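Q: Hi! Could you walk me through this protein model before I set anything up?

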Amino acid sequence: IIEYANRFGLGKKVNIGLPEEKKGFIPLKQDVYYQDIGNLSLGQGKMTITPLQASQILLPIVNNGVLKKPYLIKEVTDFKENIVYKCLETKPIKVISTMTAQDVKKALAAVTSYGTGKNAMPANANMVSAGKTGTAEVGKDLYHAWFTGFYPIDNPRYIITVFIEKGGSASSKAAPAFKEIADEIISKKAN
């Protein structure tokens, strides 16, 4: 679990140019005990990730096992459409097999089709989404609500992560927020 967390870039800054970005925390292998494995596999226990890292986890899933560096701004052009800034692309890294990426993509599609993330499905029937809910307990009856997903499922263009601090249930709070964001992007693209 720790090895794959490191492969996916957890515990390190994503480095997309946000000075306030945090690196999260992944424990060292020697600090993980047998009883910790269950919690770590669910994203709980002695680990923390940021919403940006949650989005980065999906990159190898949508890119057939290849982790490509995300960027905030791909390029900037002037009024004559000359490129004045272009994001430096890094070498892609194969972190999982293509078959594993496809299997995980199918599982994430099931989450939005009939699982806990069905409230994340965009209104446009042609834009099927996939993703994962997460409800993180942070105190007595206090939960952070997470949803991270992508769409369209056949040729993913957008990864969106919703984190609602002390927001309650992920399926009733974060998943609908994902849908709202996706619907807005889809409507802007249509116009």
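Below is a short chat about the fold, the surface and a few residues.

Q: What kind of model is this?
A: Happy to help! This is a predicted model.

Q: Okay, how many helices and strands does the protein chain have?
A: The protein chain contains five helices and seven strands.

Q: And in what order do the elements run from the N terminus?
A: The order is α-α-α-β-β-β-β-α-β-β-β-α.

Q: How does the radius of gyration of the protein chain sit against that of a compact globule?
A: The two agree: the protein chain has 17 Å, and a compact globule with 191 residues would be near 16 Å. Along the principal axes, the C-alpha trace spans about 60 × 35 × 35 Å.

Q: What share of the residues count as buried?
A: That would be 34% of the 191 residues.

Q: What about contacts between residues 24 or more positions apart?
A: Such pairs make up 53% of the contacts with a separation of 6 or more in the protein chain.

Q: Switching to the surface, what is the accessible area of the protein chain, and how much belongs to carbon and sulfur?
A: The accessible surface is about 11,900 Å², and carbon and sulfur atoms hold 56% of that.

Q: I'll be thinking about electrostatics too. How many positive and negative side chains are there?
A: There are 25 positive and 17 negative side chains in the protein chain. The centres of the two sets lie 4 Å apart.

Q: How many salt bridges turn up in the whole structure?
A: A search finds five. One of them joins Lys 86 and Glu 75, with 3.6 Å between the closest N and O atoms.

Q: Where do Lys 86 and Glu 75 sit in the chain?
A: Lys 86 is in strand 3, residues 83-86, and Glu 75 is in strand 2, residues 75-77. They are eleven residues apart, and the pair links distant parts of the chain.

Q: Are those two buried or exposed?
A: In between, actually. Lys 86 counts as partly exposed because its relative accessibility is 44%. Glu 75 is partly exposed as well, at 35%.

Q: Got another salt bridge, maybe in a helix?
A: Sure, Lys 188 and Glu 184 meet in one, at 3.3 Å from N to O. Both lie in helix 5, residues 170-190, and they are four residues apart, so about one helical turn separates them.

Q: How exposed are Lys 188 and Glu 184?
A: Lys 188 is exposed, with a relative accessible area of 58%, while Glu 184 is partly exposed at 42%.

Q: And what about Asp 141 and Lys 140?
A: Their side chains form a salt bridge too, with an N to O distance of 3.9 Å. Asp 141 is exposed at 58% relative accessibility, and Lys 140 is exposed at 73%.

Q: Back to helix 5 for a second. Is Glu 180 buried or exposed?
A: Glu 180, which lies in helix 5, is exposed, since its relative accessible area is 61%. Its C-alpha atom is 29 Å from that of Met 47, which is 133 residues away along the chain.

Q: Last one: where is Val 84, and which residues does Val 84 touch?
A: Val 84 is in strand 3. Leaving out residues up to four places away in sequence, Val 84 touches Val 76, Thr 77 and Asp 78.

Q: Is Val 84 buried or exposed?
A: Val 84 counts as exposed, because its relative accessibility is 55%. From Val 84 to Leu 10, the C-alpha to C-alpha distance is 32 Å, and the two are 74 residues apart in sequence.

Conventions:
Residues numbered from 1 in each chain as written. Predicted model: local features only at pLDDT ≥ 70, side-chain atom pairs only at ≥ 80, totals over all residues. Heavy atoms only, no water. Helix = DSSP H or I, 4+ residues; strand = E, 2+ residues; numbered from the N terminus. Rg over C-alpha atoms; globule rule 2.2 N^0.38 Å. Buried < 20%, exposed > 50% of the residue type's maximum accessible area, 1.4 Å probe, protein only. Contact = heavy atoms within 4.5 Å. Areas by Shrake-Rupley, 256 points an atom, 1.4 Å probe, with all protein chains shown as cover. Lys, Arg positive; Asp, Glu negative; His and termini not counted. Charge placed at Lys NZ, Arg CZ, Asp CG, Glu CD. Salt bridge = Lys/Arg side-chain N within 4 Å of Asp/Glu carboxyl O.
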